[in-house]
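User: I'd like a close look at one part of this chain, and a little context to go with it. Could you walk me through it?

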Amino acid sequence: MSSLNIAIAGATGRIGKRLVVLANGKNIATPRIEQRIADHPDVAQCVVLGARRPFLVAVVVATGVDARPRVQQHVQALNRELPAAERIGRVLFADAPFSVGNGQLGTQFKPRRSRIESDYRDSLDQIYGAYA
């Protein structure tokens, strides 16, 4: 890894766009986890966040409010299969789908993690604050 990547990782808690570094120093590749969550029929979109935090949080766009309990159960079942560092600590349900219009997707329809994290900062701070 180049010194530039190390400097960026130190400043942002992420190495590249697809690897999250938790507060304990564990490097987590989020795409596989996101895909496993998104495989559930009640999940429309999913982004896993947690850079410089004690655990991962999945921000999920569910297909409807009634689908939320099923998504929670799916994530709990998935957590039993994942190594401890890769487990989802909490699920945060998004208020609206990620879109280019709200800035949460880029023009190539990839999630803009920094924007999603910014938009849900208050909720994320409450989640992580409960564990401080």
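To set the scene, what share of the contacts in the chain with a separation of 6 or more comes from residues 24 or more positions apart? After that, please take me through the stretch from helix α2 to strand β4.

Analyst: Happy to! Please keep in mind that this is a predicted model. Residues 24 or more positions apart account for 56% of the contacts with a separation of 6 or more. The chain has five helices and five strands, and their order along the sequence is α-β-β-α-β-β-α-β-α-α. Of its 132 residues, 42% are buried. The chain exposes about 7,500 Å², with carbon and sulfur atoms supplying 51% of that area.

Now for your stretch. Helix α2 covers residues 30-38, and its buried residues include T30, I33, E34 and I37. These four lie on the same side of α2, because they cover an arc of only 100° around the axis. The spacing fits a general rule: an α-helix has 3.6 residues a turn, so residues three or four places apart point the same way.

Next comes strand β3, residues 43-49, which is mostly covered, with six of its seven residues buried. Its pairing partner is strand β4, residues 56-62; the two run in the antiparallel sense and are joined over six bridges. If you want one pair to find on screen, look for V47, whose bridge partner in β4 is V59. Together β3 and β4 form a hairpin, with six residues between the strands. In that turn, have a look at G50, which has a positive phi of about 160°.

Terms used
Residues are numbered from 1 along each chain as its sequence is written. This is a predicted model: local features need pLDDT of at least 70, side-chain atom pairs count only at pLDDT 80 or more; totals for chains, interfaces and linings use all residues. Side-chain values use heavy atoms; hydrogens and water are left out. Buried means under 20% relative accessible area, exposed over 50%, partly exposed in between (1.4 Å probe, protein chains only). Contact means heavy atoms within 4.5 Å. Accessible areas come from the Shrake-Rupley method with a 1.4 Å probe; for residues, only the protein chains shown count as cover. The arc is that of the directions from the helix axis to the C-beta atoms. Two strands pair if DSSP finds at least two bridges between them.
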